[in-house]
Amino acid sequence: MKTIRNIFIITVVAATLASLASCRKDCYMPSRSMLGIMFLDSVTVKPFTISGVTVQGVGSDSLLYDSVNVSAVYLPLHLVKDTTDFKFKVSAIGDRKEGFEFTLKVVHSTNPQYVSPECGCVPFHTIKKFEFSKPELFKKTELFNSEVQNVEQDVHIKVYL
């Protein structure tokens, strides 16, 4: 049973990557679906800027954000695995000036979708659950939209500070 599952996953991934590689330059849509995380003030529910944010994928050498001030981050999810982990380093959150480190684990499924002849297939994801290693840093977290599609700057997880 595992062999059939593995063959199916490899076939889907190969087809997805081949479709993405054959994408012509006149594709008008993003070729990658990004997980959007928005940081919000828990009182005003307006975007909250966090200072000195560095984000990288766990298990890879990818540096996605490097010491930037952000109120939202957009992160790529694995195409072939059902979990994606990110390591965050933050220099300050609001009046808390000391540095913080935490990880985010996202459990998801991947579903390649045919978009157009120009763009081929784009991997869409469905978030099943997520977990921060230090939830006490936040007042509240919520899964706002579980469907990660190729909509630019879409918000999926809201983090209230």
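**Exercise 1.** In this predicted model, determine which residue of β10 stands opposite Ile37, and describe how strands β1 and β10 pair.

*Solution.* Ile37 has Ile157 of β10 standing opposite. The strands concerned are β1, residues 34-40, and β10, residues 157-160. Their pairing is parallel and extends over 4 bridges.

**Exercise 2.** Establish the strand order of the open sheet of 4 strands, and explain why β4 and β8 each have one side without a neighbour.

*Solution.* The order is β4-β1-β10-β8, and the pairing is mixed. Strands β4 (72-76) and β8 (140-143) are at the edges; each has a single partner strand, so one side of each lacks a neighbour in the sheet. On average, neighbouring strands of this sheet are turned by 20° against each other, direction ignored.

**Exercise 3.** Classify the ring pairs Phe88 with Phe102 and Phe130 with Phe132.

*Solution.* The whole structure holds 5 aromatic pairs. For Phe88 and Phe102, the ring centres are 4.9 Å apart and the planes meet at 10°, so this pair is stacked. Phe88 belongs to β5 (residues 83-90) and Phe102 to β6 (residues 100-116), so the pair ties together parts 14 residues apart in sequence. For Phe130 and Phe132, the centres are 6.0 Å apart and the planes stand at 85°, so this pair is edge-to-face. Ring pairs link these four residues and Phe138 into a cluster.

**Exercise 4.** Decide whether Phe88, Phe102, Phe130 and Phe132 are buried or exposed.

*Solution.* Buried means under 20% relative accessible area. Phe88, at 1%, is therefore buried. Phe102 is buried at 4%, Phe130 at 19% and Phe132 at 7%.

Terms used: Residues numbered from 1 in each chain as written. Predicted model: local features only at pLDDT ≥ 70, side-chain atom pairs only at ≥ 80, totals over all residues. Heavy atoms only, no water. Pairing = 2+ DSSP bridges. Helix = DSSP H or I, 4+ residues; strand = E, 2+ residues; numbered from the N terminus. Axes fitted to C-alpha atoms, helices over the stretch in contact; angles between N-to-C directions. Phe/Tyr/Trp six-rings, centres within 6.5 Å; stacked < 30°, edge-to-face > 60°. Buried < 20%, exposed > 50% of the residue type's maximum accessible area, 1.4 Å probe, protein only.
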